[in-house]
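Biologist: I've got a model open and I'd like to learn how to read it. Can we walk through some features together?

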Amino acid sequence: MAKTTVVIPNYKGINYIDRCLSSIYGGTIIPKVIMVDNHSEDGSLALVKEKYDKVKVIEFTENMGFCKAVNAGIKAADTPYVLLLNNDTEVDAQMVSCLEQALDNDRSLFSAAAKMMNLHVPEKLDGAGDFYCALGWAFARGKDKPAEGYDKPCRIFSACAGAAIYRREVFDNIGYFDENHFAYLEDLDIGYRANIYGYHNRYIPKAKVYHAGSAATGSRHNKFKVTLSARNNIYLIYKNMPFLQFLINLPFLTVGHLIKFSFFASKRMGRAYLTGVFQGFRLALSKEGRKNKVKFRLRNVRNYLWIQVQLWGNIFRKVF
């Protein structure tokens, strides 16, 4: 019996999906696979239906975004674990078994992140888990650094949903991926939420994945991504920080957002960034946004303290 279901959100993945699925089925453990297609019209859906009859396909009639796609896949799964995987990845033969073992050995884990390396330059790291800091900056740990320097497992703030395994039953407790995000920072949001509830997220370097990156959007920085990320960051802060913690971090958050604006303004995307910030405030103050705010519970105070230490400490990890 399979222990894991791999959920792959697909949008215009014709250049990658074949190699992605081939690598999964070439592993030492063969999981169940669900592909959720966001109305791709590039032939990738037809390719999967023709070549991989074991893959369960969920089709949307329009692009519903990353969050709705993975939620549909998670809810359709019937295994204890779900492994979210970008369509522009290729996995090592041991990846699934290494991530399964991590969750088997530690009941406190909500998620375990794979070691993501650059598909085109494998000696460079694409990410070793995600961090978040009091400046309001989310960042992939070790991105673009030598991959060999990140071979030790450790606790991380959140797992990158491009290649991470999750304990499926925990979603019923903390909620699923927030579909208001559409895409970007949704994995940080759910990792943040898991930390509040007392679950852990861990980096597993023996689980190796090769990632092309920005396959759907085309580049690391573009107006769509800048606007959506800025919006979601404001919403994420509102959702997960109690008022006192927000006040404590407000000076850092203000500086961090000013630096971000200056950076994107230098790339002629300052207006896109500000548009996202204003959209974030509007979303946070909407009825839907207020409904999704994580309620403060005294029993979670120790978890909030751990989070605060991370928020401050990760400033130094990012800057230095």
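Biologist: Let's begin with one residue: does Glu-59 count as buried, partly exposed or exposed, and why?

Modeller: Glu-59 counts as partly exposed, because its relative accessibility is 44%. The cut-offs are under 20% relative accessible area for buried and over 50% for exposed, with partly exposed in between (1.4 Å probe, protein chains only). Before we go on, this is a predicted model: local features need pLDDT of at least 70, side-chain atom pairs count only at pLDDT 80 or more, and totals for chains, interfaces and linings use all residues. Residues are numbered from 1 along each chain as its sequence is written, and side-chain values use heavy atoms, with hydrogens and water left out.

Biologist: Which residue forms a salt bridge with Glu-59?

Modeller: The general idea first: side chains of opposite charge can pair when their charged atoms come close. The rule used here asks for a side-chain nitrogen of Lys or Arg within 4 Å of a carboxyl oxygen of Asp or Glu. The partner of Glu-59 is Lys-49, and their closest N and O atoms are 2.6 Å apart. This pair links distant parts of the chain, with Glu-59 in strand S3 (residues 56-59) and Lys-49 in helix H2 (residues 44-51), 10 residues apart. Helices and strands here are DSSP runs numbered from the N terminus (H or I, at least four residues, for helices; E, at least two, for strands). Lys-49 is also partly exposed, with a relative accessible area of 46%.

Biologist: How many salt bridges does the structure hold?

Modeller: There are 13. Take Glu-179 and Lys-68, whose closest N and O atoms are 3.5 Å apart. Glu-179 sits in the loop between helix H5 (171-174) and helix H6 (186-196), while Lys-68 is in helix H3 (residues 65-76), 111 residues apart. Glu-179 is partly exposed at 36% relative accessibility, and Lys-68 is partly exposed at 31%.

Biologist: And is Lys-115 buried or exposed?

Modeller: Lys-115 is buried, with a relative accessible area of 3%. Its side chain meets that of Asp-151 in a salt bridge (2.5 Å, N to O). Lys-115 belongs to strand S6 (residues 109-118), and Asp-151 to the loop between strand S9 (138-140) and strand S10 (154-156), 36 residues apart. Asp-151, at 46% relative accessibility, is partly exposed. Elsewhere, salt bridges that share partners join Asp-178, Asp-189, Arg-193 and Lys-239 into one network.

Biologist: Cysteines next. How many disulfides does the structure hold?

Modeller: A disulfide is a covalent bond between the sulfur atoms of two cysteines. The test is a pair of cysteine sulfur atoms within 2.5 Å, and this structure holds zero disulfides. For Cys-133, the nearest cysteine sulfur is that of Cys-154, 17 Å away. For Cys-154, the nearest is that of Cys-160, 14 Å away. Cys-133 counts as buried, because its relative accessibility is 0%.

Biologist: What about helix length: how far apart are the end C-alpha atoms of H7?

Modeller: They are 26 Å apart, which agrees with the 26 Å expected for the 18 residues of helix H7 (residues 223-240). The expected span is 1.5 Å times one less than the number of residues. Also, 13 of the 18 residues of H7 are buried, so this helix is largely enclosed by the rest of the structure.

Biologist: I also see backbone angles listed in my viewer. What is phi of Phe-182?

Modeller: Most residues other than glycine have a negative phi, and most peptide bonds are trans. Phe-182 has a positive phi, near 65 degrees, and Tyr-184 has a positive phi near 80 degrees. Phe-182 lies in the loop between H5 and H6, and Tyr-184 is found in that loop too. Phe-182 is partly exposed at 27% relative accessible area, whereas Tyr-184 is buried at 19%.

Biologist: One more: which residues does His-211 contact, leaving aside its neighbours within four places in sequence?

Modeller: Contact means heavy atoms within 4.5 Å. Among the partners of His-211 are Asn-86, Asp-88, Met-116 and Asp-126. His-211 is in strand S12 (residues 200-211) and counts as buried at 9% relative accessibility.
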